Amino acid sequence: MEMLTQILISAISSGTPLLLAVLGGILIERSGITQLGAEGLMLMGAVIACLVYIHTGSLALTLLCVLAVSGVLGLLHGFLCVTLHANQVVCGLAMTIFGAGLSAYLGKPVSGQPLVGAVPKLDLPWLENVPFLGKIFAHLDLFTWFSFVLVLVMHVFIHRTSWGLHLRAVGDNPATADVMGIPVVAVRYACLVIGSMLIGIGGADLLLVYTPTWNEGMTSGRGWIAVALIIFARWNPIRALACAYFFGVLDTLGFRVQLIGSHIPSYFLKMIPYIVTILVLMFLGWRNRNKPSGAPEALGVPYIREQRF
């Protein structure tokens, strides 16, 4: 039981950065914009968090800088995809390559410097007496609790509010939404900026909480896994929570197997979460091959107002 508790705690810590990235991606893709730049945004969020926190020691200032940089990158993405109607797949790949290269350059001076205890834990002594769950949830960090609240807020926003209905309308049929008076361009820009901020915060969480040391390419493909899990979750925030922590469990099991002295090569163990993710996506694609995918109908299609009729 103690080992299971430790695995679940580690899985939550590993899955939270991924959850934030998936939620940001869901918000962006619900507006009809394909998001393939999550890897670059997470790397930029991580390196900015490292640089600012090392030089200032202020968590609040660190988060503000991460939000600002991620928001600017979201604006750039919006200018290319929404205003210039550029190919969204190419723009996403360019964002990933740009983020990976710039983060590697900026992070060279601080590579290997530890950042321990940057994010405080929210201690809940009254929860410790609850069997099993108390040990898991009584001492989680602030980012994790923020992600829990964000899942509920996004679910209610998308499925239970008029603004969420407008968002889904823009993602499914922007021409009709435009005729009804919904500002399609403004909605897509807002979703790109806010979604990019969430992805950047996911990268910051990965550095400040899970792996408190900057290393080049430290996301190890988590941005691409986030893109896959958006499809796995069928663009639903509640399902995204389960998907992210499922990946976290697989990631944690690989480390646990190494700790018990297994002779399985470590490279193979690190591959397990990614292999399982691919297999699950293949299985779901086969099982749901004759069913609606759940994706926004206008996903990836540029909207040109003059051609709406």
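Is I264 buried, exposed or partly exposed? Let's start there, everyone, and keep in mind that what you see is a predicted model. I264 comes out at 39% relative accessibility, so it counts as partly exposed, since that class runs from the 20% limit for buried up to the 50% limit for exposed. As for its place in the chain, I264 sits in the loop between α11 (237-259) and α12 (266-287). It also belongs to a nonpolar surface patch of about 660 Å², together with F268, M271, I275, I278, L279 and M282.

Let me bring in the record here. An unreviewed UniProt entry lists several spans under "transmembrane region", among them 89-107 and 267-286. In the model, residues 267-286 are 100% helix and 0% strand, with 29 Å between the end C-alpha atoms. For residues 89-107 we again read 100% helix and 0% strand, and there the end C-alpha atoms lie 27 Å apart.

Now let's go inside. The largest nonpolar core holds 76 residues, and L18, V22, L207, L208, W214 and L229 have the most contacts within it. Helix α2 (residues 38-56) supplies the largest share of this core, with 13 residues. If you click on L208, you'll find that its contacts beyond four places in sequence are A49, L59, T62, L115, A118, V119 and F143.

One of those core residues, L229, takes us to helix α10, where it is buried. Why do we call α10, residues 222-232, largely enclosed by the rest of the structure? Because nine of its eleven residues are buried. The buried set is R222, G223, I225, A226, V227, A228, L229, I230 and F232. Just after the helix, have a look at R234, which takes a positive phi of about 55 degrees.

R222 gives us a handy link to S14, over in helix α1 (residues 2-30). Setting aside neighbours within four places in sequence, S14 is in contact with R222, and also with Y210, G248, D251 and T252. With a relative accessible area of 1%, S14 falls under the 20% limit and so is buried.

My last stop is H77, in helix α3 (residues 59-83). Its relative accessible area is 2%, so H77 is buried too. Which residues does H77 touch, once those up to four places away in sequence are left out? They are T34, Q35, V82, C91, G92, M95 and L192. Two of these, C91 and G92, fall within the 89-107 span that the UniProt entry lists.

That's my tour; thanks for listening!

Note on methods:
Residues are numbered from 1 along each chain as its sequence is written. This is a predicted model: local features need pLDDT of at least 70, side-chain atom pairs count only at pLDDT 80 or more; totals for chains, interfaces and linings use all residues. Side-chain values use heavy atoms; hydrogens and water are left out. UniProt positions are given in the numbering used here, feature names are shortened, and annotations may be inferred rather than shown by experiment. Helices (H or I, at least four residues) and strands (E, at least two) are DSSP runs, numbered from the N terminus. Patches are made of residues with over 30% relative accessible area and no salt bridge: like charges are joined within 9 Å, nonpolar side chains (Val, Leu, Ile, Met, Phe, Trp, Tyr) within 5 Å. Accessible areas come from the Shrake-Rupley method with a 1.4 Å probe; for residues, only the protein chains shown count as cover. A salt bridge is a side-chain nitrogen of Lys or Arg within 4 Å of a carboxyl oxygen of Asp or Glu. Buried means under 20% relative accessible area, exposed over 50%, partly exposed in between (1.4 Å probe, protein chains only). Contact means heavy atoms within 4.5 Å. A nonpolar core is a set of buried Ala, Val, Leu, Ile, Met, Phe, Trp, Tyr and Cys residues joined through side-chain atoms within 4.5 Å.
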